[in-house]
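Q: Please give a close account of the nonpolar interior of this structure. I would also like to see how the strands, helices and loops around it are arranged.

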Amino acid sequence: MPRTIIGRQSFTGRGALSNPAGRFDKQELDEVDDGWYQEEVPESVPTTLEPDRAREVISTNDSPDIPFEQSINPYRGCETGCVYCASGDTPILMAHGGIKKLAEIRQGELIYGTVRGGRWRRYAHTTVLAHWCVVKPAYRVTLEDGTALTVGPDHRFLTDRGWKFVTDTERGSQRAHLTVNNELLGTGAFSEPAQQDVNYRAGYLCGLIRGDGTIGTYNRVLLNSGRRGWNLFRLALCDAEALERARKWLSYEYVETRQFRFRAQSVRPMYAIDAASRDKVTRIRDLIGWPDQPSREWQAGFLAGIFDAQGCLSSGILRISSTDFQIINRVRDALRTFGFASTVEHLAQETRRCVDVVRMLGGLREQLRFLHLVGPAISRKCDFRGRGLESAVNLRVVSIEPLGKAMRLYDITTGTGDFISNGVVSHNCYARPSHAYMGLSPGLDFETRLFYKADAARVLEQQLSRPGYRCKSITLGANTDPYQPVEKRLRVTRSILEVLARTRHPVSIISKHALVLRDLDLLTDLARDGLVGVAMSVTTLDTDLKRVMEPRAASPQARLRTLATLSAAGIPTSVMAAPMIPALNDHELEAILEAAAAAGARWAGYVLLRLPHEIKHLFREWLAAHYPDRAAHVMSLVQDMRGGHDYDSRFGVRMRGTGPYAQLLSNRFRLACRRLNLNSDPRKPLNCGMFRHPTPGGSQLHLGL
């Protein structure tokens with residue numbers, strides 16, 4: 001029947017954004033429920049299946065850069081689909097302790113995420129690796145403390161019971177999702193910062209200069225003119241952030257200062273600003289005077305200034321110390337204004353003036369509220385890396401409601417795989433052209449219009465029983481994944497493996513799905529005679545990036561667990577880091593190899609992104625939709641490795657590319673394999689000596705006469 005070409009738009013859970021015509025441009029299809037195996041997202045374009053009545057199932061290959069001669073693809077098309085977001089206004093916790101809107105985050109910035117250390121998760125700095133936006137249905141998650149989070153249905157939060165999606169799938173309870181009364185982990189909603197108006201600036205200068213500056217009029221005796229007054233203001237600090245803020249804000253008050261390297265006995269270099277005229281010193285005195293009735297903005301600025309001057313956040317405690325009782329009283333008054341609880345510790349000293357220390361109570365939640373509200377300048381003092389992740393008492397989910405509309409939502413990919421959004425922890429294919437041979441599009445058709453070899457086992461037995469058949473290893477998954485979601489119910493791959501096990505025929509498997517473990521019994525039997533090897537394809541270790549690149553494949557962690565289980569069962573395993581996309585996932589090459597080696601993989605390989613035929617248009621479209629900020633850069637690097645074109649199909653270079661960047665990738669792979677002891681042993685060919693032709697009846701046994 002005629003095909004409908006779908007225009008440019010986004011479909012939930014699908015990798016392609018459109019349905020371009022196949023290069024060879026009709027049948028009646030029945031829609032079926034194909035089932036799921038791993039965490040998946042709802043369909044927006046229905047999947048259809050129909051049988052592919054093939055006369056042969058074994059395909060032969062003579063390409064010099066593909067390491068197998070025979071392959072079987074149980075399916076044409078692949079549901080794997082080779083999207084996770086929050087509102088652009090969502091505040092993100094930055095590494096300097098401040099906050100920034102999610103929509104304004106940029107690649108390369110440092111933010112806070114979490115890492116597992118022993119039994120606990122702890123806060124850590126992480127780099128933003130990618131930033132993108134999509135238009136998706138929006139939901140509002142409301143917490144007990146009043147926090148309202150606007151997110152997509154596939155967003156995940158860390159709860160006291162693990163990671164949970166915002167909603168269930170459309171097909172029922174097939175993934176862990178939020179429900180009312182779930183407890184989220186984090187510190188709770190971030191505070192709005194105080195407005196940095198003229199009163200805030202005056203308060204900041206008062207706190208900083210009274211805490212760490214020198215100001216006064218001094219008398220000195222000159223030889224011929226007697227006594228003379230000498231006016232001096234000087235502020236010397238190790239942290240340039242506070243010094244630059246003070247210099248700038250003094251200039252707003254028409255007080256220009258001189259900046260210079262301060263010569264002092266200090267481990268770190270110190271810089272200073274000064275002024276020596278009477279008018280400037282008098283103006284600074286006026287600016288730092290104590291107001292009779294300080295405004296909230298002045299008090300917020302004062303707390304920021306005195307914290308930059310004499311405060312610290314160490315060993316989990318926020319302290320402000322001073323020998324001036326007026327400063328201590330002003331600090332406590334300001335803290336009470338904003339609802340902070342505190343206590344004062346008096347430290348008596350024999351040789352120096354006694355020091356009073358204001359210690360703020362309430363833990364990390366209150367400390368973050370202080371930092372965000374008052375906004376100190378020195379980022380070093382706002383570092384709380386290594387602190388344990390705890391659950392605040394009022395982060396219970398009270399409602400989850402759809403907003404009834406689609407919204408532009410944003411997401412980031414980070415080095416730790418998560419980030420802190422508004423006080424809670426948020427989680428952050430080359431086979432397509434073959435569909436053109438069916439008169440179908442390599443785009444959405446490839447993901448939604450699937451063909452399965454219904455009688456693959458019978459046809460395979462017929463081919464293996466031919467008198468002239470010569471046994472050579474067969475590869476499953478060379479073109480499409482043999483363990484994609486529909487295999488869970490159709491069991492086509494299972495039936496092929498049963499024939500191969502019965503005839504003792506060697507087989508290699510390439511997959512990115514954990515469903516391969518379902519056939520562990522057959523694989524273990526084949527492995528005893530050296531008849532099988534399994535390669536897991538791992539594109540990225542970042543779950544969020546995986547959801548964009550491979551929406552319906554198993555998670556990276558599930559693939560690594562699969563590798564570990566197969567290796568423990570004695571099955572030779574390898575990892576295929578593919579495809580490697582420059583400026584998108586190629587930075588993960590060493591990490592992928594290291595994780596796979598730890599899981600028991602003995603061999604490794606990689607393949608550079610390939611864009612033959614229609615795929616180059618699909619990839620450009622996908623790249624522009626998901627990574628518009630780097631699309632041009634990615635394609636520039638691709639073309640640098642493809643002789644100025646999107647693709648170079650020549651044997652010997654199409655898998656690895658050419659040029660400096662491709663050579664760098666090759667060198668990185670080689671050095672990582674050497675360090676991890678991958679590919680150190682020559683891979684033995686699978687055993688072809690045990691093959692026996694199937695009997696004509698298929699299930700009859702040889703009598704051995």
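A: **The nonpolar cores and their surroundings**

Of the 50 residues that make up the largest nonpolar core, Phe233, Val331 and Phe370 touch the most other members. Helix H4 (residues 296-310) supplies the largest share of this core, with 8 residues. The coordinates discussed here belong to a predicted model.

Phe370 gives a detailed view of how this core is put together. Setting aside residues up to four places away in sequence, Phe370 touches Leu303, Phe307, Leu318, Ile320, Leu335, Phe340, Met360 and Gly375. Of these, Leu303 and Phe307 fall within the range of helix H4. A second core, separate from the one that holds Phe370, has 36 residues, among them Tyr75, Ala457, Val492 and Leu566. In soluble globular proteins, nonpolar side chains tend to be buried together.

The contacts of Phe370 also lead to a set of paired strands. Leu318 and Ile320 fall within the range of strand S19 (residues 317-322), and Met360 within that of strand S21 (residues 355-360). Strand S21 is largely enclosed by the rest of the structure, because 5 of its 6 residues are buried. S19 and S21 are antiparallel partners, with 4 bridges between them, and Ser321 has Val357 as its bridge partner in S21. Strand S20 (residues 342-347) is also antiparallel to S21, to which 6 bridges join it. Glu345 stands opposite Val357 of S21. Val357 is therefore the partner of Ser321 and also stands opposite Glu345, while the strand to which Val357 belongs has 5 of its 6 residues buried.

Elsewhere, an open sheet of 7 strands follows the order S3-S4-S26-S27-S28-S29-S30, with mixed pairing. Its edges are formed by strand S3 (59-60) and strand S30 (603-608); each has a single partner strand, so one side of each is left without a neighbour in the sheet. Further inside that order, strand S4 (residues 70-72) pairs with strand S26 (residues 474-476) in the parallel sense over 3 bridges, and Gln70 has Ile474 as its bridge partner in S26. Helix H13 (residues 556-568) lies across strand S28 (532-537) and S29, and runs at about 165 degrees to S28. Leu566, one of the members of the second core, falls within the range of this helix.

Strand S29 leads on to a loop with notable backbone and side-chain detail. Pro579 is part of S29, and a cis peptide bond joins Ala578 to Pro579, with omega at about -10 degrees. The loop between S29 and H14 contains Ala583, which has a positive phi of about 65 degrees although it is not a glycine. Asn585 is found in the loop between strand S29 (573-580) and helix H14 (589-598) as well. Its relative accessible area is 0%, so Asn585 counts as buried. The side chain of Asn585 reaches two backbone oxygens: that of Thr539 at 2.9 Å and that of Pro579 at 3.0 Å. Beyond four places in sequence, Asn585 touches Thr539, Leu545, Met549, Pro579 and Met580. Pro579 thus combines a cis peptide bond with Ala578 and a backbone oxygen reached by the side chain of Asn585.

A positive phi also occurs in the loop between helix H10 (492-502) and strand S27 (507-511), where Arg504 is placed. Phi of Arg504, a residue other than glycine, is near 55 degrees. Arg504 is buried, with a relative accessible area of 7%.

Glu253 provides a further case of a buried polar residue. Its place is the loop between helix H2 (240-252) and strand S16 (258-262). Glu253 counts as buried because its relative accessible area is 16%, under the 20% limit for that class. Its side chain makes a polar contact with the side chain of Arg283 at 2.7 Å. Leaving aside neighbours within four places in sequence, Glu253 is in contact with Val198, Arg283 and Leu287.

The cysteines complete this account. A search of the whole structure finds 0 disulfides. Cys382 is buried at 3% relative accessibility, whereas Cys238 is partly exposed at 28%.

Technical notes:
Residues numbered from 1 in each chain as written. Predicted model: local features only at pLDDT ≥ 70, side-chain atom pairs only at ≥ 80, totals over all residues. Heavy atoms only, no water. Core = buried A, V, L, I, M, F, W, Y, C linked by side-chain atoms within 4.5 Å. Buried < 20%, exposed > 50% of the residue type's maximum accessible area, 1.4 Å probe, protein only. Helix = DSSP H or I, 4+ residues; strand = E, 2+ residues; numbered from the N terminus. Contact = heavy atoms within 4.5 Å. Disulfide = S-S within 2.5 Å. Polar contact = N/O pair within 3.5 Å; in protein donor to acceptor, adjacent residues only side chain to side chain. Pairing = 2+ DSSP bridges. Axes fitted to C-alpha atoms, helices over the stretch in contact; angles between N-to-C directions.
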